[in-house]
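Subject: Handing over the structure

Hi,

Here is the structure I promised to pass on to you. Have a look at it first, and then read on for my notes.

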Amino acid sequence: MNLKKGEVLAFSTDTVWGFGCLPEDEIAVQNIYKIKNRDSKKPLILMSNSFEALKRYVKSIPAYAYELIEKYLPGGLTLIFEKSPLCPDFVTSYQNTVGIRIPDSEDFRILTENIKGNVLATTSCNVTNEPPVKNYIQAKEKFENSATIIKPINDIIHENRSEER
């Protein structure tokens, strides 16, 4: 999947729906902040299907962190590390740390496997101070004019089964 410059995705994860874009795309990061009406001092986090893909954005990984990674990822845990020079400042709101997470989600795994670099700069799919959207229909209704909405696999399978009947 080739993302266009400035393109923002909306997708399901193991916790809530998220917005994401390529971490190197400053215009897309700015678009996420605009869509959400998000304070520019609040950083985004990086998510991937693979810890290997995320490592390049981290300066160093303490030994104890590998135990947490092994025990809790994939899953809902976000780990905070000192960022490497490869991690864009505009993703981290010019802070020297970056949050990383590997969702336990088949949909997200497939999405990131098919994106250049396998990493997205992300946040929850909502307008600031509103609850995150809970499903594809809500995401489409609220954000289809500002983001590319990725349909979850189970929705596609369910639609195909309904059409076969």
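Below I go through the sheet, a helix that packs on it, a few single residues and the salt bridges.

First, the ground rules. This is a predicted model, in which local features need pLDDT of at least 70 and side-chain atom pairs count only at pLDDT 80 or more, while totals for chains, interfaces and linings use all residues. Residues are numbered from 1 along each chain as its sequence is written, and side-chain values use heavy atoms, with hydrogens and water left out.

**The sheet**

A good place to start is the open sheet of seven strands, ordered β4-β5-β3-β6-β2-β1-β7 with mixed pairing. Strands (E, at least two residues) and helices (H or I, at least four) are DSSP runs, numbered from the N terminus, and two strands pair if DSSP finds at least two bridges between them. At the edges are β4 and β7 (148-149), each of which pairs on one side only.

Strand β1 (residues 9-11) is joined to β2 by three bridges, and the two run antiparallel. The hairpin between them passes through six residues, and Phe11 stands opposite Gly18 in β2. On to β6 (residues 119-124): four bridges connect β2 with this strand, again antiparallel. Here Gly18 faces Ser124, and Cys21 faces Ala121. Ala121 is also the bridge partner of Leu46, which brings us to β3 (residues 45-48), joined to β6 by four bridges in an antiparallel arrangement. In that pairing Ser48 stands opposite Val119.

How well covered are these strands? For β2 (residues 18-21), both faces are covered: Gly18 and Gly20 on one side, and Phe19 and Cys21 on the other, are all buried. Buried means under 20% relative accessible area, exposed means over 50%, and partly exposed lies in between (1.4 Å probe, protein chains only). β6 is mostly covered, with five of its six residues buried. One residue of β6 to look at is Thr122, which counts as buried at 2% relative accessibility. Beyond its neighbours within four places in sequence, Thr122 is in contact (heavy atoms within 4.5 Å) with Phe11, Phe19, Gly20, Leu44, Ile45 and Met47.

**Helix α1**

Which residues of α1 are buried? They are Ala28, Val29, Ile32, Tyr33, Ile35 and Lys36. These residues sit on the same side of α1, because they cover an arc of only 165 degrees around the axis, the arc being that of the directions from the helix axis to the C-beta atoms. Their cover includes β2, β6 and α5 (136-143).

Ile32 makes a handy example in α1 (residues 26-36). Its relative accessible area is 0%. Leaving aside neighbours within four places in sequence, Ile32 touches Val8, Phe19, Gly20, Cys21, Leu44, Ala121 and Thr123.

**A buried loop residue**

Thr92 lies in the loop between β4 (79-82) and β5 (97-101), yet Thr92 is buried, with a relative accessible area of 0%. Not counting residues up to four places away in sequence, its contacts are Pro43, Lys83, Cys87, Thr97 and Val98.

**Salt bridges**

How many salt bridges are there? The count comes to nine, taking a salt bridge as a side-chain nitrogen of Lys or Arg within 4 Å of a carboxyl oxygen of Asp or Glu. Three of them are worth finding on your screen:

- Lys5 pairs with Asp25, with the closest N and O atoms 3.9 Å apart. The pair links distant parts of the chain, 20 residues apart: the segment before β1 and the loop between β2 and α1. Lys5 is exposed at 63%, whereas Asp25 is buried at 7%.
- Lys59 pairs with Glu82, at 3.4 Å between the closest N and O atoms. Lys59 is in the loop between α2 (51-55) and α3 and Glu82 in strand β4, so parts 23 residues apart in sequence are tied together. Lys59 is exposed at 53%, and Glu82 is partly exposed at 38%.
- Lys142 pairs with Glu130, at 2.5 Å between the closest N and O atoms. Lys142 belongs to helix α5 and Glu130 to the loop between β6 and α5, so this pair ties together parts 12 residues apart in sequence. Both are partly exposed, Lys142 at 44% and Glu130 at 33%.

In addition, Glu106, Arg109 and Glu113 are joined into one network by salt bridges that share partners.

Happy exploring, and all the best!
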